[in-house]
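Student: I should like a close look at a single residue in this model, followed by an account of the setting in which it sits. Please begin with the residue itself and then widen the view.

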Number of protein chains: 4
Amino acid sequence: MTATMTTTTRAMLGAYPASINMDRSKLAAAIDMLISCSQACTACADACLSEDQVQMLTKCIRSDLDCADICDTTARVLSRHTGYDANISRSLLEACITACKACGDECEQHAGMHEHCRICAEACRACERACRDLLATMS
Amino acid sequence: MTATMTTTTRAMLGAYPASINMDRSKLAAAIDMLISCSQACTACADACLSEDQVQMLTKCIRSDLDCADICDTTARVLSRHTGYDANISRSLLEACITACKACGDECEQHAGMHEHCRICAEACRACERACRDLLATMS
Amino acid sequence: MTATMTTTTRAMLGAYPASINMDRSKLAAAIDMLISCSQACTACADACLSEDQVQMLTKCIRSDLDCADICDTTARVLSRHTGYDANISRSLLEACITACKACGDECEQHAGMHEHCRICAEACRACERACRDLLATMS
Amino acid sequence: MTATMTTTTRAMLGAYPASINMDRSKLAAAIDMLISCSQACTACADACLSEDQVQMLTKCIRSDLDCADICDTTARVLSRHTGYDANISRSLLEACITACKACGDECEQHAGMHEHCRICAEACRACERACRDLLATMS
């Protein structure tokens, strides 16, 4: 995501006292994208609530809320390495990719009208890509 | 789950102003099991931390933490019906079933030694079943 | 809250291997109310989103979202007893009481129009009371 | 926090369609610190679980888990501006400052032994400061 941010996530990965069975660089990128995407989705849901046309944005708000919750949980699970279970990480990444794709598609439809939807769609796309990149390395 | 509890979850389902594309009875059961399982997992992780043999319970604690987070998020997503997207519910239920199965298996190994693991394993099994029952109705 | 539900929360409290510096009965009641209130608030926010008059319910949705998040976190913190820190529990209970009061007040204003707001207001009031009862026992 | 990160949080604040009754710069800083601190706490709890001396780190793990949950919820509440209620933000910031202080103090005691505790203590201190700075501007 960003210099300092990545530094903290990466530094914590570097300080883990046992081995990590994942590509650390892709893992750090995914975690940072997940927490940034979750924040963007929470903020976008709230910004939609304050639009005059909130009636037309109800599906968008719902997608945002789901995506925020799923990204938060995925970031937490990926931040744990003790007693690693690849099946859980993999199935959760798949659910997260589905949610990010759906939210990105939905927000994109309002991107021309609402700047918050444009920014949020970008965050969802970036997060989806980072999750796919990580998943691809998990055989 | 329980009389009053189910009453609240069910009452909220009954008060939803549009149609719900799911079996309401199985949906209410799944939501109640998810929030009860999440609480049991959070409490089990903490009880494990206070055991003299915490060293032997680290994988159990990690499973509990993942399961708690995933169950909480699944309960939230299933509690929303506006702009329903079956793909998200389905993939998240699959991830949740994976997490409940793993946590139930892990806790079961310590059920003879630790009453909290025995209770938590039961909550995970019940939650896994309720999620499978709901998933089976979602064509 | 309810027979079985309370049974699980209570059973986990009973299985905790060290001492708990709180009134167990009030603690179990508060945890059960918190997770039930959180679910009601998540469902109420979503039901509001599907109302024709969503424009008039935006403050209610926002109160619901805050209350759901704060109740979830408070239930988790109260479910942990290892290395207990009364200052954290107390300040979080105070924030939670503030959120439940605000959400109960807001939902009550729409209780005549929307059954989901009526049920959610009741859940918020019950949760606020349970949190106050617990806080009163923590000197 | 960081260049790009702050850019997303700030950009979302800039795209909010109504007025925000807070210092936007301090608000963005607080949100970024909260989500970064939450990630560090989740990772530190897990790293502690994998240490040989986990028995000596149980209070640290518990502080980490509480701090992660409270920071996540505080970041969410601060990311919402619709129907703003200063009492909720204020009381939650107070609870969050209490949790960050406690977790920072606890992690600091293990900072000489465990690099993850040293990094996490720093994240807690930075987050506590950002929350205090924001709270000071909320009359």
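Tutor: The residue chosen is B:Leu92, which belongs to helix H4, residues 86–109, of chain B. The coordinates come from a predicted model, and the predictor assigns the complex an ipTM of 0.95 and a pTM of 0.97.

Is B:Leu92 buried or exposed? It has 28 C-beta neighbours inside 10 Å, and therefore counts as buried; the cut-off for that class is 20 or more. Leaving aside residues up to four places away in sequence, B:Leu92 touches B:Thr74 and B:Val77 in chain B, together with A:Ile70 and A:Ala95 in chain A. B:Thr74 is 18 residues from B:Leu92 along the chain, yet their C-alpha atoms are separated by 6.5 Å.

Two of these contacts lead into chain A, namely A:Ile70 and A:Ala95. Chain A contains five helices and zero strands, and its order along the sequence is α-α-α-α-α. Its radius of gyration is 16 Å, close to the 14 Å that the globule rule gives for 139 residues, so chain A is as compact as a globular protein of that length. The C-alpha trace of chain A spans about 50 × 30 × 20 Å along its principal axes. Of the 139 residues in chain A, 63% count as buried. Among the contacts in chain A with a separation of 6 or more, 71% join residues 24 or more positions apart. The average pLDDT of chain A is 95, and 95% of the residues score at least 70.

From chain B the view may be extended to chain C. Their contact draws 37 residues from chain B and 37 residues from chain C. On the side of chain B that touches chain C, helix H1 (3–14), helix H2 (24–49), helix H3 (58–78) and helix H5 (115–137) of chain B each supply at least two residues. H2(B) provides the largest share of that side, with eleven residues. Sorted by class, the side of chain B that touches chain C holds 19 nonpolar, twelve polar and six charged residues.

The relation between these two chains can be stated as an operation. A turn of 180° with a shift of 0.0 Å along the axis lays chain B on chain C with an RMSD of 0.0 Å. The two copies are thus related as by a two-fold rotation axis. Of the interface residues of chain B, 100% are also interface residues in chain C, so the copies meet through the same surface.

Within chain C, helix H3 (residues 58–78) may be examined by its length and its surroundings. Its 21 residues should span 30 Å at 1.5 Å a residue, and the end C-alpha atoms are 30 Å apart, which agrees. Of the 21 residues of H3(C), 20 are buried, so this helix is largely enclosed by the rest of the structure.

Chain B also has a contact with chain D, to which eight residues of chain D and eight residues of chain B contribute. H2 and helix H3 (58–78) of chain D each supply at least two residues of the side of chain D that touches chain B. H3(D) gives the largest share of that side, three residues. The class division on the side of chain D that touches chain B is three nonpolar, three polar and two charged.

For this pair too, a turn of 180° and a shift of 0.0 Å along the axis lay chain D on chain B, with an RMSD of 0.0 Å. D:Gln55 is the residue of chain D that comes closest to the rotation axis, at 3.4 Å by C-alpha. The same surface serves both copies, since 100% of the contact residues of chain D recur in chain B.

Two parts of chain D complete the account. Helix H2 (residues 24–49) of chain D has 26 residues and reaches 38 Å from its first C-alpha to its last, close to the 38 Å expected at 1.5 Å a residue. Since 23 of the 26 residues of H2(D) are buried, that helix is largely enclosed by the rest of the structure. D:Thr7, by contrast, lies in helix H1 (residues 3–14) of chain D, and with 16 C-beta neighbours inside 10 Å D:Thr7 counts as partly exposed. D:Thr7 and D:Ala28 are 21 residues apart in sequence, and their C-alpha atoms are 9.1 Å apart in space.

Technical notes
Residues numbered from 1 in each chain as written. Chains lettered and ligands numbered in written order. Predicted model: local features only at pLDDT ≥ 70, side-chain atom pairs only at ≥ 80, totals over all residues. Contact = placed C-beta atoms within 7 Å. Helix = DSSP H or I, 4+ residues; strand = E, 2+ residues; numbered from the N terminus. Nonpolar A, V, L, I, M, F, W, Y, C, P; charged D, E, K, R; others polar. Expected span 1.5 Å × (residues − 1). Buried ≥ 20, exposed ≤ 12 C-beta atoms within 10 Å, placed from the backbone. Least-squares fit on C-alpha atoms with pLDDT ≥ 70 in both. Rg over C-alpha atoms; globule rule 2.2 N^0.38 Å. pLDDT = per-residue confidence, 0-100.
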